[in-house]
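Hi everyone, thanks for coming. I'd like to walk you through one structure today, so let's put it up on the screen.

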Amino acid sequence: MPTREELEKRLTSEQLHVTQDKGTERPFTGKYVNHKAKGVYACVCCGTELFTSDTKYDSGSGWPSFWLPLAGDRVRTHRDTSLGMIRVEVTCAHCDAHLGHVFEDGPQPSGLRYCINSASLDFRDPAATGAGKPT
Ligand SMILES: [Zn+2]
């Protein structure tokens with residue numbers, strides 16, 4: 001699991017703020033909001049693969065939105081009552097990085113909207129990495 005010191009060297013100040021201090025990037029500013037390529041979105045801190053392009057959709061919210069994580073055990077959810085709202089925070093199950101929030105207004109079949117900061121994600125192009133190809 002990466003330490004705060006390692007992350008401070010490797011991440012941008014916005015990535016550090018979002019993932020470690022539960023920050024939120026401004027809507028429509030993240031690099032993955034309108035990103036449509038096929039591939040996998042990993043945790044920017046620890047590299048755990050969290051979401052895929054297959055469940056990404058355009059929610060119009062200004063943040064990358066997914067209706068399901070790659071696998072249920074890749075992320076954890078926590079009740080968040082900050083800012084006077086009751087929301088459900090989503091974190092990386094491996095390193096506890098803050099990812100975003102999940103809302104119950106997503107499309108079927110899940111009805112969920114994982115509203116995730118681009119700053120928490122690292123997109124991996126399967127064509128570039130060889131992931132998903134037979135070995
Ligand atoms: Zn992580």
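**Sheet, zinc site and a helix**

Let's start with one bridge: Lys56 has Phe66 of strand S4 as its partner. Before going on, please keep in mind that this is a predicted model. That bridge belongs to the pairing of S3 with S4 (residues 65–66), which is antiparallel and runs over two bridges.

Now let's zoom out. The open sheet has six strands, ordered S3-S4-S8-S7-S6-S5, with antiparallel pairing. At its edges stand S3 (56–57) and S5 (75–80); each has a single partner strand, so one side of each has no neighbour in the sheet.

Next, the metal. Which protein atoms are the donors of the zinc ion? They are the SG atoms of Cys43, Cys46, Cys92 and Cys95, lying 2.3 Å from the zinc. The angles between these four donor atoms are 103 to 115°, which makes the arrangement tetrahedral. Along the chain, the donors follow the spacing C-x2-C-x45-C-x2-C. Cys46 and Cys92 link distant parts of the chain, being 46 residues apart: Cys46 is in the loop between strands S1 (40–43) and S2 (49–52), and Cys92 is in strand S6 (residues 87–92). Are these two buried or exposed? Cys46 is partly exposed, at 24% relative accessible area, whereas Cys92 is buried, at 0%.

Last stop, helix H2, covering residues 13–21. Its residues Gln15, Leu16, Val18 and Thr19 are buried, and the buried residues of H2 pack against helix H1 (4–10) and strand S7 (98–103). Just after H2 comes Lys22, with a positive phi of about 55°.

Thanks for listening, and I'm happy to discuss!

Terms used: Residues are numbered from 1 along each chain as its sequence is written. This is a predicted model: local features need pLDDT of at least 70, side-chain atom pairs count only at pLDDT 80 or more; totals for chains, interfaces and linings use all residues. Side-chain values use heavy atoms; hydrogens and water are left out. Buried means under 20% relative accessible area, exposed over 50%, partly exposed in between (1.4 Å probe, protein chains only). Helices (H or I, at least four residues) and strands (E, at least two) are DSSP runs, numbered from the N terminus. Contact means heavy atoms within 4.5 Å. Two strands pair if DSSP finds at least two bridges between them. Donors are N, O and S atoms within 2.8 Å of the metal (3.2 Å for Na, K and Ca); water is not among the atoms, so sites may look incomplete. Four donors count as tetrahedral if all angles lie between 85 and 135 degrees; four count as square planar and six as octahedral if opposite donors are over 155 degrees apart and all others between 65 and 115; anything else is irregular.
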